[in-house]
Amino acid sequence: MRGRGTGAVRHLRHRAAREPPADLPHDSQEGTAVSTANTNTKAALAQRKTTGAAGGGGDIRTLIERQKPEIARALHGTALNPERFTRVALTVIKQNSDLLRCRPESLLGALMTSAQLGLEPGPLGESYLVPFGDQVTFIPGYRGLIKLAWNSGQLRNISARVVHEEDEFEYSYGLHPDLVHRPARGDRGGITDVYAAATLIDGGAEFEVLDVGAIEAIRGRSRASKKGPWVTDWEAMARKTAVRQLAKWLPMATVMNRAIAAEGTVRTDLDAEALDDLTPDMDGEVIDAEPADEPGQLEAPPDEAPTEEPTTP
């Protein structure tokens, strides 16, 4: 098996507010509106801290609405609609009360990360908003990574699948790599391996195979190993781990690198360009630092569970 390493929880630092120049031209009015919206959101967060507003999330909708211009800016160039994105985000938050007990700036930051990457949190399983203690971290789902890999324009197809005991499964690396998987009919038995495979536009192919032991070793380095999607959606998380390993061998778009780099981050910067300087760690889970402050606050919304293999165009 190819080597894997560990990473750590990372925080995206809050950038200084950028004031528009006094002689701002007319065609920069949109930028001014975005800056104003961002400033208003930050002011509302500061007031919330000053007044000691706590859980319940009664003003989360207002905060997200104030941030919508910056969310729209982050979504620019993606296929996602700002109205749908904010609506889905509010639904996810409503379904997971633990998110409402987290610091709102980290919740907004996770949403901004998801928006900038063009990944929708919620039923599609493209990304997760996962509470750790009083902060929200961003975690891309395997569907999200496959979507970004596909969007690179360098692949004919990409998939991630699980192998069961009764399946016919053979693979070999080396100068003549090959992989054969024929799923058994009926009762396929327990899961033995997980793999991700891709065919490149130029006709080449790459694949990465991980047995259950390797997947569990990576899971064991994660703070989320005993809660959240690793418990409720083990298969989906195992597929995502295989896709992460495969990504090392693919000609990826910058945005997929950023998705991998952003995994497990806590973000409080609400600027749509805050991901630009992150460096990806390709070697497995990156949310494996110190123990969670409040392990009980780690549930993922049940509707985020991807259970079906995505179909590539």
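These are my notebook entries on a predicted model, taken one topic at a time.

**Entry 1: the whole chain**

I began with the overall make-up. The protein has ten helices and nine strands. Of its 313 residues, 50% are buried. The exposed surface comes to about 14,300 Å², and carbon and sulfur atoms supply 49% of that. I also looked up how the contacts spread along the sequence: among those between residues at least 6 apart, 72% join residues at least 24 apart.

**Entry 2: E120**

Next I went to E120, which I found in the loop between α5 (104-117) and β2 (127-132). Is E120 buried or exposed? It is buried, with a relative accessible area of 2%. I took the cut-off for that word as under 20% relative accessible area, so the 2% of E120 qualifies.

Which side chain does E120 join in a polar contact? The partner is R84, and the contact is 2.8 Å. I then listed the residues that touch E120, leaving out neighbours within four places in sequence: L80, R84, F85, V88, S114, E126 and S127. Of these, F85 and V88 are also among the buried residues of α3, and S127 is a buried residue of β2. That sent me to α3 and β2 for the following entries.

**Entry 3: helix α3**

Helix α3 covers residues 82-95. I checked its length against expectation: 14 residues at 1.5 Å each should span 20 Å, and the end C-alpha atoms are indeed 20 Å apart, so the two agree.

Which residues of α3 are buried? They are F85, T86, V88, A89, L90, V92 and I93. The cover over them includes α2 (60-75), α4 (97-100), α5 and β2. At the start of the helix, a side-chain oxygen of N81 comes to within 2.8 Å of the backbone nitrogen of E83. E83 turned up once more when I went through the charged residues, in a network of salt bridges with E65 and K68.

Just ahead of this helix I paused at A79, in the loop between α2 and α3. A79 is exposed, at 81% relative accessible area. How far apart in space are A79 and G118? Their C-alpha atoms are 7.2 Å apart, although 39 residues separate them in sequence.

**Entry 4: strand β2 and its hairpin**

How many of the six residues of β2 are buried? Six of the six are, so the rest of the structure largely encloses this strand. I sorted them by face: S127, L129 and P131 lie on one side, with Y128, V130 and F132 on the other, and both faces are covered.

The strand that pairs with β2 is β3 (residues 135-140); the two run antiparallel and six bridges join them. Within this pairing, L129 stands opposite F138 of β3. The two strands make a hairpin with two residues between them. In that turn, G133 has a positive phi of about 65°.

**Entry 5: salt bridges**

My last lookup was the charged pairs. Side chains of opposite charge can pair when their charged atoms come close. The structure holds 13 salt bridges, and I noted a few of them.

D98 pairs with R101, with 2.2 Å between the closest N and O atoms. D98 is buried at 7% relative accessibility, whereas R101 is partly exposed at 44%.

R219 and E216 form another salt bridge, at 3.4 Å from N to O. Both sit in helix α7 (residues 212-220), three residues apart, which is about one turn of the helix. An α-helix has 3.6 residues a turn, so residues three or four places apart point the same way. In this pair R219 is buried, at 16% relative accessible area, while E216 is partly exposed at 33%.

Where do the partners E263 and R244 lie? I first noted their salt bridge, 2.5 Å from N to O. E263 is in the loop between α10 (254-262) and β9 (266-267), and R244 is in helix α9 (residues 234-247), so the pair ties together parts 19 residues apart in sequence. I found E263 buried, with 0% relative accessible area, and R244 buried too, at 1%.

Note on methods
Residues are numbered from 1 along each chain as its sequence is written. This is a predicted model: local features need pLDDT of at least 70, side-chain atom pairs count only at pLDDT 80 or more; totals for chains, interfaces and linings use all residues. Side-chain values use heavy atoms; hydrogens and water are left out. Helices (H or I, at least four residues) and strands (E, at least two) are DSSP runs, numbered from the N terminus. Buried means under 20% relative accessible area, exposed over 50%, partly exposed in between (1.4 Å probe, protein chains only). A polar contact is a pair of N or O atoms within 3.5 Å; within protein, one must be able to donate a hydrogen and the other to accept it, and residues adjacent in sequence count only if both atoms are side-chain atoms. Contact means heavy atoms within 4.5 Å. Accessible areas come from the Shrake-Rupley method with a 1.4 Å probe; for residues, only the protein chains shown count as cover. A salt bridge is a side-chain nitrogen of Lys or Arg within 4 Å of a carboxyl oxygen of Asp or Glu. The expected span of a helix is 1.5 Å times one less than its number of residues. Two strands pair if DSSP finds at least two bridges between them.
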